Amino acid sequence: MSLHSRVHPWRVLNCIQQQIFQRHLISPLSVPSRTIIHGPYRRPGMPRENKPPWQYINFNFSKGLEGIKKHFTLLKKEFFDNLVGPEGKPLIEHMKEQNQLIWEFRGPESLEQWIVSSDVEIGGKSEAYLKVGRNNNTCLLYGTLRSTPPKDGETRYSGYCSMRSKQPLASFDRKKHYDWTNFNTLHLRVRGDGRPWLINIATETFFSHQKDDLYNYFLYTRGGPYWQDIKIPFSKFFLSHRGRIQDNYHGLSLDKINTLGFTLADKADGPFELEIDYIGVFKDYAHTAVTDYELHKRNPQVP
């Protein structure tokens with residue numbers, strides 16, 4: 001049989017599908033555009049905002065001058081910090097560093113680095129708030145969790161509250177990442193009410209379909225008036241995509257950390273509280289595991 005006389009299986013399948021569609025007078029199934037291009041969430045029945053790009057810009061001369069001054073100040077700091085070493089530290093000091101304090105909640109200014117959200121964004125009824133704790137030395141995340149889904153005919157599950165750090169930005173709003181390659185353990189000092197939380201770490205991704213990837217691990221609070229010093233190795237964080245654990249797991253990239261957050265979704269309706277003192281990272285020389293889960297080869301060799 002020659003190459004021109006061969007019939008490929010996909011051509012046969014295509015012909016069969018066309019005959020079926022013509023016989024029953026139906027059109028092929030179409031995929032909604034929202035599943036193809038992941039845009040901001042839009043409630044069912046709400047019209048799209050067809051605004052030109054210049055309507056989203058605030059043309060204010062005084063704010064423009066403040067922005068120019070701010071970004072050039074950051075650019076100057078970046079330039080001189082790079083002359084000294086990584087993050088403005090000498091190279092030998094950066095290599096010998098064994099612990100680092102990332103977030104410390106001292107005063108209302110420290111809360112500006114965080115964003116609080118809940119299922120209100122999808123029509124839910126949960127409430128979440130963030131305020132400074134007693135003596136302005138801690139951060140208190142509190143609110144009420146309600147798992148009743150909205151009656152929109154689309155949403156089936158609801159009931160979550162979260163707190164997430166803002167993406168660090170360099171001069172002229174360029175993305176900046178946390179580099180934790182010298183460390184292997186996350187250290188938190190928290191005080192909760194006995195509810196289980198989920199710690200989320202977002203890293204920089206290379207493809208658009210990976211923007212919802214998160215590395216998660218569980219934070220169990222015991223309740224009561226005593227503080228908990230929690231140490232979680234980065235090797236215990238597992239990969240998830242939109243809340244679903246992924247089988248094709250690969251390790252956490254510690255050189256490009258974007259954000260860290262906390263999520264409550266235990267389906268136990270009622271009030272909640274989580275008080276945080278500080279969040280840091282350190283090097284535990286007794287822990288040598290790179291990952292505690294099975295790794296899959298990205299490019300398996302064909303025998």
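With which side chain does the side chain of Glu-97 make a polar contact? In this predicted model, the partner is the side chain of Lys-89, at 2.8 Å. Glu-97 itself sits in the loop that links α4 (91-96) to β1 (99-104). With a relative accessible area of 16%, Glu-97 counts as buried, because the cut-off for that class is under 20%. Once neighbours within four places in sequence are set aside, the residues in contact with Glu-97 are Lys-89, Asn-182 and Phe-183. Lys-89 thus appears both in this contact list and as the polar partner of the Glu-97 side chain.

Turning to the chain as a whole, 4 helices and 13 strands are found. The chain has 303 residues, of which 32% count as buried. Its exposed area is about 21,300 Å², with carbon and sulfur atoms supplying 56% of that area. Considering contacts between residues at least 6 apart in sequence, 73% join residues at least 24 apart.

Seven of the strands make up an open sheet with antiparallel pairing, in the order β2-β5-β12-β7-β8-β10-β11. The edges are taken by β2 (114-118) and β11 (244-245); each has a single partner strand, so one side of each is left without a neighbour in the sheet. Strands of a sheet pair through backbone hydrogen bonds, in either a parallel or an antiparallel fashion. Within this sheet, β7 (residues 196-203) and β8 (residues 213-220) run antiparallel and are joined by 6 bridges. One residue pair helps to locate this pairing on the structure: Leu-198 has Phe-218 in β8 as its bridge partner.

Definitions and conventions. Residues numbered from 1 in each chain as written. Predicted model: local features only at pLDDT ≥ 70, side-chain atom pairs only at ≥ 80, totals over all residues. Heavy atoms only, no water. Pairing = 2+ DSSP bridges. Helix = DSSP H or I, 4+ residues; strand = E, 2+ residues; numbered from the N terminus. Buried < 20%, exposed > 50% of the residue type's maximum accessible area, 1.4 Å probe, protein only. Polar contact = N/O pair within 3.5 Å; in protein donor to acceptor, adjacent residues only side chain to side chain. Contact = heavy atoms within 4.5 Å. Areas by Shrake-Rupley, 256 points an atom, 1.4 Å probe, with all protein chains shown as cover.
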